[in-house]
Each structure stands twice: as structure tokens, then as C-alpha cells.
Amino acid sequence: MTAYGKPVPAPDADSAPYWQGCREHRLLIQKCGACGAVRFPPASLCPDCGSAAHDWIAASGRGRVYSWIVVTYPVPKDIYAGDVPYVVALVELDEGVRLPTNIVECDPHDLMADMPVEVVFDDVDDTLTLPKFRPLPD
Ligand SMILES: [Zn+2]
């Protein structure tokens, strides 16, 4: 926990560049240096070919809603009571990987599968920025 008052990600050796990219408002994903596959979440080895060689590339920040849930019952209540209802979603980026995230700036009832979305960066405190997504305007 931080002053933010909610559980936060704990960057490790594999994911630290991803979280630093978020701080800089860049959505970074790994691209295998051997086979070229992109991957998320960050990992030491390519799940396709096993190579450790990789580059970090800036994703477009655009994608589509793959699936989602609407949280209406806050657990734990003392932390999330002020947030409900909120959306937890899997967004499939244009690059082909899926990220767990929140959909914001959208009534949960208006969500649709395959809805086009774009990343927005939520600077929650001095050390953490969370990538969230909002619908693209029509
Ligand atoms: Zn590979």
C-alpha cells in the first residue's frame, strides 16, 4: 500500500521497464529479438521460441475490448466503496497482446465487445502510473 490507499503493482526485473514506460506515458511491450513475437505480460523468455533476446517497443496505445466485468460489490469494501461500479477488462492491443486494465470515461452499460479504445495514463502518485483505456470517439 502507498498513500494511494489501494494495492499497487510490485515491479520486478522483468516488468520494471514496462512500469517506467507508464510513468513516461509510453505503453511498452516486449518484442522477441529472435522470432519477432510480441508478448505481454513482461517475461524473461519468449513463450514462442524460448529466446531471452528482446527489445521494448512502444505500442500504439490503441486496441479493442476483448472481455470485461463490471464490479458492483466492492471487495474489500473499505478500499473500493467509492469506486463502484468500475470496469475490469482485457484489452487486445493492435499489436496482438491482451492487457488487464480498467475502462474509464465510459458508462459500464455502454461497453461492447470489440469496442475500439485508447490508452490513458492515470498518474496515481509520485511513483506509479496505471495504464487505463477509454473509448475512441466515433
Ligand atoms: Zn521468440
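**A friendly note on V104, the core and the two domains**

1. Let's start with one residue. V104 counts as partly exposed because it has 14 C-beta neighbours inside 10 Å, and a buried residue would need 20 or more. Keep in mind that this is a predicted model.

2. Where does V104 lie? Look in the loop between β6 and β7. Setting aside neighbours within four places in sequence, V104 is in contact with V120, K132 and R134. For a sense of distance, try A81: 23 residues separate it from V104 in sequence, and the two C-alpha atoms are 17 Å apart in space.

3. Now step along to I103. Again leaving aside neighbours within four places in sequence, I103 is in contact with V65, W68, V87, A89, L111, V117, F133 and R134.

4. I103 also appears in the largest nonpolar core, which has 16 residues. Those touching the most other members are V65, V91, I103, V117 and F133. At least two core residues come from each of α1, β1 (28–32), β5 (86–93), β6 (98–103) and β7 (116–123). This core lies between domain 1 (11–58) and domain 2 (60–138), because both give residues to it. As background, nonpolar side chains tend to be buried together in soluble globular proteins.

5. Finally, consider the two domains themselves. The centres of domain 1 and domain 2, taken over C-alpha atoms, are separated by 21 Å. Eight residues from domain 1 and ten residues from domain 2 take part in the contact. On the side of domain 1 that touches domain 2, α1 (16–23) and β2 (38–39) are the elements giving two or more residues. The residues of that side are five nonpolar, one polar and two charged.

How values were computed:
Residues are numbered from 1 along each chain as its sequence is written. This is a predicted model: local features need pLDDT of at least 70, side-chain atom pairs count only at pLDDT 80 or more; totals for chains, interfaces and linings use all residues. Domain bounds come from an automatic or database domain assignment. Two residues are in contact if their C-beta atoms, placed from the backbone, lie within 7 Å. Helices (H or I, at least four residues) and strands (E, at least two) are DSSP runs, numbered from the N terminus. Ala, Val, Leu, Ile, Met, Phe, Trp, Tyr, Cys and Pro count as nonpolar, Asp, Glu, Lys and Arg as charged, and the others, Gly among them, as polar. A nonpolar core is a set of buried Ala, Val, Leu, Ile, Met, Phe, Trp, Tyr and Cys residues joined through C-beta atoms within 7 Å. A residue is buried if 20 or more other C-beta atoms lie within 10 Å of its own, exposed if 12 or fewer, and partly exposed in between; C-beta atoms are placed from the backbone.
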